[in-house]
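Subject: Structure handover

Hello,

I am passing on the structure we spoke about. Please look it over before reading my notes below.

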Amino acid sequence: LVTGGSRGIGWAIARGLLQEGAKVAIIARQESGINQVVSDFAQQFGSGQILGLVGDCADATCLSERVSELEKAWGGLDGVVANVGDGRSVPDPVPDAEQWSQVWQTNFETALITTRTCLPMLQARQGSLLFISSITGLSALGAPVDYSVAKTAFIALAQNLARKVAPKVRVNEIVPGNVFFPGGSWDEKVRAQPGAVETMLLSQVPLQRFGTPEEIADAAIFLCSPRASFITGSVLLVDG
């Protein structure tokens, strides 16, 4: 199961898993987006390999219902990739309560709800739980404060869970750097301030470029696979 799987990093992870022969379910809020991705993937990999679920991972009842559909269809889960997130916020040092709550819900609560919902199925199959966070959770880089704090908590959740649910479930986290894809937040920043973005890449990123969703997906597929069978509690930077 890949949450936020209809675009960007989630889309690339889902596609990479399908290329490896996995059955993949994706969930996102927009039905039109899910339907298009499922149609495209079904043509490439076969309709029996992909399952599309429309739902909001911030809504515990909704997610539970969708995961029940998955369980009925496939019988269980070997892996979950919690990928929902959004770096858009406001520049205020301390955003107001409503703004903070919204960003916290999107960037932390979705992962917590996903974990609560899916953990029993992962324990039954001795599966793998992978979180997709952000480098803003490790360092103060000037990103929105509410977003950065949520991602820091996200990393702490993964590391604590890894100890609590071992040895039945492996829990790891990928910390992506600046990843560009059409319609993403970096796409918006490039359009608004191309010079500033170019300066940032050249001065702060040793590889002097954006990452791609596929580069994050390669790391994710490894951590979800049996080849990472002795890795848990890891925070892997994929940041150039």
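The notes below cover helix packing, a central group of strands in my reading order, and a few loop residues.

The model is predicted, so please read everything here as computed from that model.

Helix packing

Two packed helices are described by the angle between their axes and the distance between the axes. I looked at helix α1, residues 8-19, against two partners, α2 and α8.

The first partner is helix α2, which covers residues 31-45. The axes of α1 and α2 come within 11 Å and cross at roughly 20°. Because that angle is under 35 degrees, α1 counts as roughly parallel to α2. The crossing is right-handed. On the α1 side the contact uses W11, A14, R15, L18 and Q19, and these meet V37, F41, Q44 and F45 of α2. Sorted by class, this contact has six nonpolar, two polar and one charged residues.

The second partner is helix α8, residues 213-224. Here the axes are 8 Å apart and the angle is about 50°, which makes α1 oblique to α8. The crossing of α1 and α8 is again right-handed. From α1, the residues in contact are G8, I9, W11, A12, I13, G16 and L17; from α8, they are P213, E214, I216, A217, A220 and I221. They divide into 10 nonpolar, two polar and one charged. W11 is listed in the contact with α2 and also in the contact with α8.

Strand β5 and its partners

Is strand β5 covered or open? Strand β5, residues 128-132, is mostly covered, with five of its five residues buried. S128, L130 and I132 point one way from the strand, while L129 and F131 point the other way, and all are buried.

β5 pairs with strand β4, residues 79-82, in the parallel sense over four bridges. It is also joined to strand β6, residues 170-176, by five bridges, and these two strands run parallel. S128 takes part in both pairings: its bridge partner in β4 is G79, and in β6 it stands opposite R170.

Loop residues

R29 sits in the loop between β2 (24-28) and α2. Its relative accessibility is 60%, so R29 counts as exposed. Apart from neighbours within four places in sequence, R29 is in contact with V54, G55 and D56. R29 and R88 are 59 residues apart in sequence, and their C-alpha atoms are 17 Å apart in space.

Most residues other than glycine have a negative phi, and most peptide bonds are trans. Three places in the loops are worth listing against that background.

- Q126, in the loop between α4 (97-125) and β5, has a positive phi, near 50°. With 61% relative accessibility, Q126 counts as exposed.
- Q208, in the loop between α7 (194-204) and α8, also has a positive phi, near 60°. With 45% relative accessibility, Q208 counts as partly exposed.
- A166 and P167 are joined by a cis peptide bond, with omega about 5°. P167 lies in the loop between α5 (145-165) and β6.

Regards

Terms used:
Residues numbered from 1 in each chain as written. Predicted model: local features only at pLDDT ≥ 70, side-chain atom pairs only at ≥ 80, totals over all residues. Heavy atoms only, no water. Axes fitted to C-alpha atoms, helices over the stretch in contact; angles between N-to-C directions. Parallel < 35°, antiparallel > 145°, perpendicular 65-115°, else oblique. Left-handed = near helix turned anticlockwise from the far one by under 90°. Contact = heavy atoms within 4.5 Å. Nonpolar A, V, L, I, M, F, W, Y, C, P; charged D, E, K, R; others polar. Buried < 20%, exposed > 50% of the residue type's maximum accessible area, 1.4 Å probe, protein only. Pairing = 2+ DSSP bridges.
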